[in-house]
Amino acid sequence: MSGIVDSNIVYSYIPVAVFLVVSLLMPPMTMLIVKLLSPRSKGAEKYSTYESGSVPTGPARIQFNVEYYLYAIAFVLFDIEVLFLYPWAMIYRGNTGVDTTVAVVEMLVFIFVLLFGYAFLWKKGALRWLKN
């Protein structure tokens, strides 16, 4: 009996091993295929800056305002938090055996945390485009 149980455990790890091997081999194989099949050119135009078909003016390296990164990070945070609303709605939309009151309280806590973060950013002035 012990030998049967041990072999079943080993066989249950085969899909995990296959997934691990495929996930380790796929990125290098994809990069190798792209390198072998993609066209190569060593012209000077390849390394020039591209500005929507216009002739580039000025240097390519300019300084951006750090506030742009703050806007981007705030957007990503709020965007990901709002994405969590969809799975919640799908889980609690029907007869799942979960108490509706518990589901609504959980979502209200989540929305409160989201609004608290928004109010914090607003109070700190992080959402103002131009600062005085």
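This report describes the helices, one helix pair and one surface patch of a predicted model.

Taken as a whole, the protein has a secondary structure of five helices and zero strands, and, read along the sequence, these elements follow the pattern α-α-α-α-α. Of its 132 residues, 6% count as buried.

Three of the helices come up in what follows, and their residue ranges are set out here.

| Helix | Residues |
|---|---|
| Helix 2 | 14-37 |
| Helix 3 | 67-83 |
| Helix 5 | 100-123 |

Two packed helices are described by the angle between their axes and the distance between the axes. For helix 3 and helix 5, which pack against each other, the angle is about 170° and the axes lie 11 Å apart. Because an angle over 145 degrees counts as roughly antiparallel, helix 3 is roughly antiparallel to helix 5. The crossing of helix 3 and helix 5 is left-handed.

On the surface, a nonpolar patch of about 720 Å² is made by Val21, Leu25, Met29, Leu32, Ile33, Leu36 and Leu37. One of these residues, Leu32, lies in helix 2. Is Leu32 buried, exposed or partly exposed? Its relative accessible area is 42%, and since buried means under 20% and exposed means over 50%, Leu32 is partly exposed.

Notes: Residues numbered from 1 in each chain as written. Predicted model: local features only at pLDDT ≥ 70, side-chain atom pairs only at ≥ 80, totals over all residues. Heavy atoms only, no water. Patch = residues over 30% accessible without salt bridge, like charges linked within 9 Å, V, L, I, M, F, W, Y side chains within 5 Å. Areas by Shrake-Rupley, 256 points an atom, 1.4 Å probe, with all protein chains shown as cover. Salt bridge = Lys/Arg side-chain N within 4 Å of Asp/Glu carboxyl O. Helix = DSSP H or I, 4+ residues; strand = E, 2+ residues; numbered from the N terminus. Buried < 20%, exposed > 50% of the residue type's maximum accessible area, 1.4 Å probe, protein only. Axes fitted to C-alpha atoms, helices over the stretch in contact; angles between N-to-C directions. Parallel < 35°, antiparallel > 145°, perpendicular 65-115°, else oblique. Left-handed = near helix turned anticlockwise from the far one by under 90°.
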